[in-house]
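Biologist: I'd like a close look at one part of this model, with the whole assembly kept in view. Could you walk me through it?

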2 protein chains.
Amino acid sequence: MGSIERKKSPELQAYPMKGGDGDSSYTNNSSYQKSLSEVAMSLINEAITEKLEVENFTSEHPLCIADLGCSVGPNTFIVVKNIINSVKLKYHTLTIPTPEFQVFFNDHASNDFNTLFKTLQTEKQYYAAGVPGSFYDRLFPCSSVHVIHSSFAIHWLSKVPDEVMEKGSPTYNKGRVHYVGSDEEVVKAYQRQYVKDMDGFLKARAEEVVRGGLVVVLVPGRPNEVPHSECIGNVLFEVLGSCLLNMAKEGKIEDGKVDSLNIPIYYASPQEVEEIVDRNGYFTIERIEGLPHIAEPETKHAAKRLTMGIRVGVEAVLKGYLEDEIIDGLFDSYCKRLEQVPSLFSSGGAAILFCVLRRNEK
Amino acid sequence: MGSIERKKSPELQAYPMKGGDGDSSYTNNSSYQKSLSEVAMSLINEAITEKLEVENFTSEHPLCIADLGCSVGPNTFIVVKNIINSVKLKYHTLTIPTPEFQVFFNDHASNDFNTLFKTLQTEKQYYAAGVPGSFYDRLFPCSSVHVIHSSFAIHWLSKVPDEVMEKGSPTYNKGRVHYVGSDEEVVKAYQRQYVKDMDGFLKARAEEVVRGGLVVVLVPGRPNEVPHSECIGNVLFEVLGSCLLNMAKEGKIEDGKVDSLNIPIYYASPQEVEEIVDRNGYFTIERIEGLPHIAEPETKHAAKRLTMGIRVGVEAVLKGYLEDEIIDGLFDSYCKRLEQVPSLFSSGGAAILFCVLRRNEK
């Protein structure tokens, strides 16, 4: 039990997606994630068909599926349903009796599990459970989960790297909310945090996944060879930072707010992921590829939707620093900026990484 | 998967304890339950020591514990911790390596799981999961739980018996909110619902509990031979009903409100429980007994505390019928009534049933 009794980092930061079902909730602003998940589904189905070793699973136990960073639905329900159908088909094809399914919905303890639970379908084909906690730590008992899925979650670091908040240090991220345009030392600090977090993620999953089980990850990143400065996600945060700086110049927010605010997100390349997984050693990469970036058309409507999408993601981070009306003002000017320079969100410097990991023999 | 795909009763009613941590929350008004749980703990420890067949459990799987009707803590955390310590001691005594623990906290989907998850200790010795749903249906996969515990929960029926709401029928519960003082037909309707619910509870648990596992139940009831009319729980609801009738007479609430309001609680005797378990056939009663009723001293303070305790329990039921200020007024007059007639809550016609069930061979 050593691994779960170890002290959790007190600095671990949780920024759940916005709960409830209001206009700016995750539930009503996750269509981009949904369409990408649909693209990913055929790849997940392939991975399950080809790589999930159901013939090695103990038949008298339920088949357990976990969705890490599930937020509040409905995407998590759609993905889970598809995974189950795919697993069932595999059992059917192999003429092995289908087991019962148990699904663990995981997110930070501050996630809106009440909404998640209330929107669970009663006619579902699995037993549902919610699991609160960071996926950079252990969440499940040893060898107890067969398929682990995570969509649009592990680009969130476990915390803002300490170094970027150290005033006077070369890693201090002055005047920016993310690492693009910052000194190389800041980028490296973000990178180090990412590597550390991914190591924690892989180590925890390696203990939890049964032999022959799979970890399937869908995460925004950047193509190999595309520099951080041209990755759309980074560009969008750079715009957010410049909007905040303008508000500081106009006296709407205090000087220093921009210095102390850092968004704990890192966009990795497939090559970086491969290096970490290989070095970590617990998993074999069965497949890794970038899904096509579905560029938003350059319209006012698209700018609004994108603004809302970014807001849903980072609002929880901003709330610790800014008052609600300031956040409203920030996203108003952010949206106007995107409308003025629509090329910002239609260029191609982005990749959604799809990655299938198989647990190596224990 | 037939059993979990079956249609859930659409009439299933959920009345979770009041969430959050305000003055009238369950968290701050469950000291009575807590002291009784402490009395029960020594009995639970005995049951685990003598009856839990850990030597028959598969060692490579976690030991799973479920608390049904857990509400929001802290009692559920205290009980779970004690169960784990007791199980660990048993493994230690038998010199079998201790497994990992996974704990499932169950309550209705409308329970405040957000508060439950936020108050989970980080330094706990188990993996935690929340399971939304009625314990009168299946909640877990087959043969997947080793110890099931439920405190102060299964006296709640799955719903108000249909018959007591049928106007014109001999079972119509006119002018009362519970079954004491009602026609014998009303009492029988409550009894039938209780038997049906307990059958559902036992059938579901029989499928979920592993061979050699235990179900431990702590539930308010009444001693054998004590008629319903003298059971404290019933008396307290009778007082509540008469306070409501007074408010109706004073024109503060509509006529008919009292007729349509029924509290779905049944206080069973040990004999009734024994008959149901025996007829059901899945379990053997290893122990059943009434714990001593800890009578409140006859003070103003005790009347207030008791009022708050009752309010926490039934507020969710009342909210469907009465406005908030009416509920406040109701409990003001309820408290005054208890202060005037303190003997109402210090008599001995109550029993907390403690019951240990062992799964028969499958």
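Biologist: By what turn and what shift can chain A be laid on chain B, and with what RMSD? After that, please zoom in on strand β5 of chain A.

Modeller: Quick ground rules: this is a predicted model, where local features need pLDDT of at least 70, side-chain atom pairs count only at pLDDT 80 or more, and totals for chains, interfaces and linings use all residues. Residues are numbered from 1 along each chain as its sequence is written, chains are lettered from A and ligands numbered from 1 in the order written, and side-chain values use heavy atoms, leaving out hydrogens and water.

Now your overlay: a turn of 180 degrees with a shift of 0.0 Å along the axis lays chain A on chain B, at an RMSD of 0.0 Å (least squares on C-alpha atoms of residues with pLDDT of at least 70 in both copies). The two copies are therefore related as by a two-fold rotation axis. Within chain A, the residue closest to that axis is Gly130(A), its C-alpha at 2.4 Å. Both copies use the same surface, as 100% of chain A's contact residues recur in chain B (contact: heavy atoms within 4.5 Å).

On to β5(A), residues 209-221 (strands are DSSP E runs of at least two residues, helices H or I runs of at least four, numbered from the N terminus). Of its 13 residues, 12 are buried, meaning under 20% relative accessible area with a 1.4 Å probe, protein chains only. β5(A) pairs with β4(A), residues 145-151, in the parallel sense over 6 bridges (pairing takes at least two DSSP bridges). There, Val217(A) of β5(A) has Ser150(A) opposite. Helix α5(A), residues 184-208, carries the chain from β4(A) to β5(A) in a right-handed β-α-β crossover, clockwise over the helix from first strand to second with the strands pointing away from the viewer. β5(A) also pairs with β7(A), residues 351-359, but in the antiparallel sense, over 8 bridges. In that pairing Val215(A) stands opposite Leu357(A).

Technical notes
Buried < 20%, exposed > 50% of the residue type's maximum accessible area, 1.4 Å probe, protein only.
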